[in-house]
Amino acid sequence: EYADLVILPRPLIVSVRPATKVYGSNDPKFTVAYDGFAFDDTSALVQGLKITRKAGQNVGTYPIVASNATAENYVVSYENSRLSILKKDLTITVLDQVKVYGDADPVFTVSYYGFVLGDDAGAVSDLLINRNSGEMVGDYVLSVAQAASNNYQLSFVSGKLTIQKAALTLKVDDAMKVEGEEDPVFTFTLQGLKNNDTKDAVKNVTFQRE
C-alpha cells in the first residue's frame, strides 16, 4: 500500500530594513531581506511585493510595511520596520546693526539658511536675540539666546551692534570785558547731550580768541 508524500509550503520571512532620511529630502528606496529560501531559490521567485510607509514628512518615525508578496512553494510572513526622519540643518545668522549713542536699540533681525518644503521663519519658535550690555561707543555682540524648531537642527552665527558717536555742538558763550582788564573766564553751551550726560562729558576744552 502506498501513501502520498505531502510537501508543505516553506516559511519565508520578508524583513523590511530600517531607513533614514533628512527632513525635506526624498524617501530612500525601501529594501527587504529574505530568510527561508531553500535550494538555489532567490528573491526572483517573489512576486507582487509592495512596500508602503505611513504618510508624513515631519521629523519622527513612520512604520514601513511590506505586503502582497507571493512566492511559489513558500508561505510568506513579514517583519516590518520604520523610517526615521531626522532634523535638517538650519543656520540662523544675526544681522549687524548700527545705532547712534543715546538712541534706543534698533529691532534686531536674523537671516536663515536651509529652509525646505516652503518653510519660512514660522518654522522657528521662541527666537530671542541677546546683546552684550553697554551703551558707550563701540561694538557689542549680538547672539541668539534661544530658539526652537521641530524639524530643524539649529546653529547660530553672531552679529554685532555698533554704537556710533552722537553729534554734539559746542557753542562758546558771548563774553564782555572792560578794556585793560584780563579776559573773563570763557564758558560754553553744549547742544546734543544724551543719556543725562553733562558738560563733564567734554574734556580739555581750550579757548582761543582773535
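**Asn195 and Phe39**

I looked up Asn195 and found it in the segment after strand S18 (188-191). The model is predicted, and I read each entry here with that in mind. Asn195 has a phi near 55°, a positive value in a residue other than glycine. I noted the general rule beside it: most residues other than glycine have a negative phi. At 40% relative accessibility, Asn195 counts as partly exposed.

I then turned to Phe39, which is not a glycine and has a positive phi of about 55°. Phe39 sits in the loop between strand S3 (32-35) and strand S4 (46-47). Is Phe39 buried or exposed? Its relative accessible area is 83%, and the cut-off for exposed is over 50%, so I entered Phe39 as exposed.

**Salt bridges**

I searched the whole structure for salt bridges and got 9. I followed up three of them.

One of these joins Asp27 to Arg53, with the closest N and O atoms 2.7 Å apart. This pair links distant parts of the chain: Asp27 is in the loop between strand S2 (19-22) and S3, Arg53 is in strand S5, and 26 residues separate them. I checked the cover on each partner. Asp27 is partly exposed at 33% relative accessibility, while Arg53 counts as buried at 17%.

Next I took Lys99 and Asp105, whose side chains meet in a salt bridge at 2.8 Å, N to O. Lys99 is buried, with a relative accessible area of 5%. Asp105 is partly exposed, at 33%.

Arg131 forms a salt bridge with Glu135, and the closest N and O atoms are 2.7 Å apart. I have Arg131 down as buried at 12% relative accessible area, and Glu135 as partly exposed at 34%.

Which residues are linked with Lys99 in a network of salt bridges? I found Asp105, Arg131 and Glu135 linked with Lys99 in such a network.

**Aromatic pairs**

A search of the whole structure gave me 5 aromatic pairs. In the pair of Tyr34 and Phe37, the ring centres are 5.4 Å apart and the planes lie at 45°, so I entered the pair as tilted. Tyr34 is partly exposed, with a relative accessible area of 27%, and Phe37 is partly exposed at 23%.

I also looked at Tyr112 and Phe115. Their ring centres are 5.1 Å apart and their planes are at 40°, so this pair is tilted. Tyr112 counts as partly exposed at 26% relative accessibility, and Phe115 is partly exposed at 23%. Ring pairs link Tyr112 and Phe115 with Tyr23 and Tyr152 into a cluster.

**Nonpolar core**

Tyr152 came up again when I turned to the largest nonpolar core, which has 33 residues. Which residues of this core touch the most other members? I listed Leu12, Ile64, Leu83, Ile92, Val94, Tyr152 and Leu154. The strands that each supply at least two residues of this core include S1 (10-16), S6 (60-67), S10 (88-94), S14 (138-148) and S15 (152-157).

I went through the surroundings of Leu12, not counting residues up to four places away in sequence. Leu12 touches Tyr34 and Phe37, the two residues of the tilted pair with planes at 45°. Among the other residues that Leu12 touches are Asp35, Gly36, Val46, Ala71 and Tyr74.

**Gly159**

Gly159 is in strand S16 (residues 159-164), and S16 is one of the strands that supply at least two residues of the core. At 8% relative accessibility, Gly159 counts as buried. Leaving aside neighbours within four places in sequence, I found Gly159 in contact with Val94, Asp96, Tyr140, Val141 and Leu142. I also took a C-alpha to C-alpha distance: Gly159 and Leu127 are 15 Å apart in space and 32 residues apart in sequence.

**Surface**

I looked for a nonpolar surface patch and found one of about 220 Å², made by Leu170, Val172 and Phe207. Leu170 belongs to strand S17 (residues 169-172). Leu170 is partly exposed, with a relative accessible area of 37%.

Last, I checked Ala55, in the loop between strand S5 (50-53) and S6. Ala55 counts as exposed at 66% relative accessibility. The C-alpha atoms of Ala55 and Gly134 are separated by 51 Å, with the two residues 79 apart along the chain.

Technical notes. Residues numbered from 1 in each chain as written. Predicted model: local features only at pLDDT ≥ 70, side-chain atom pairs only at ≥ 80, totals over all residues. Heavy atoms only, no water. Patch = residues over 30% accessible without salt bridge, like charges linked within 9 Å, V, L, I, M, F, W, Y side chains within 5 Å. Areas by Shrake-Rupley, 256 points an atom, 1.4 Å probe, with all protein chains shown as cover. Salt bridge = Lys/Arg side-chain N within 4 Å of Asp/Glu carboxyl O. Helix = DSSP H or I, 4+ residues; strand = E, 2+ residues; numbered from the N terminus. Buried < 20%, exposed > 50% of the residue type's maximum accessible area, 1.4 Å probe, protein only. Contact = heavy atoms within 4.5 Å. Core = buried A, V, L, I, M, F, W, Y, C linked by side-chain atoms within 4.5 Å. Phe/Tyr/Trp six-rings, centres within 6.5 Å; stacked < 30°, edge-to-face > 60°.
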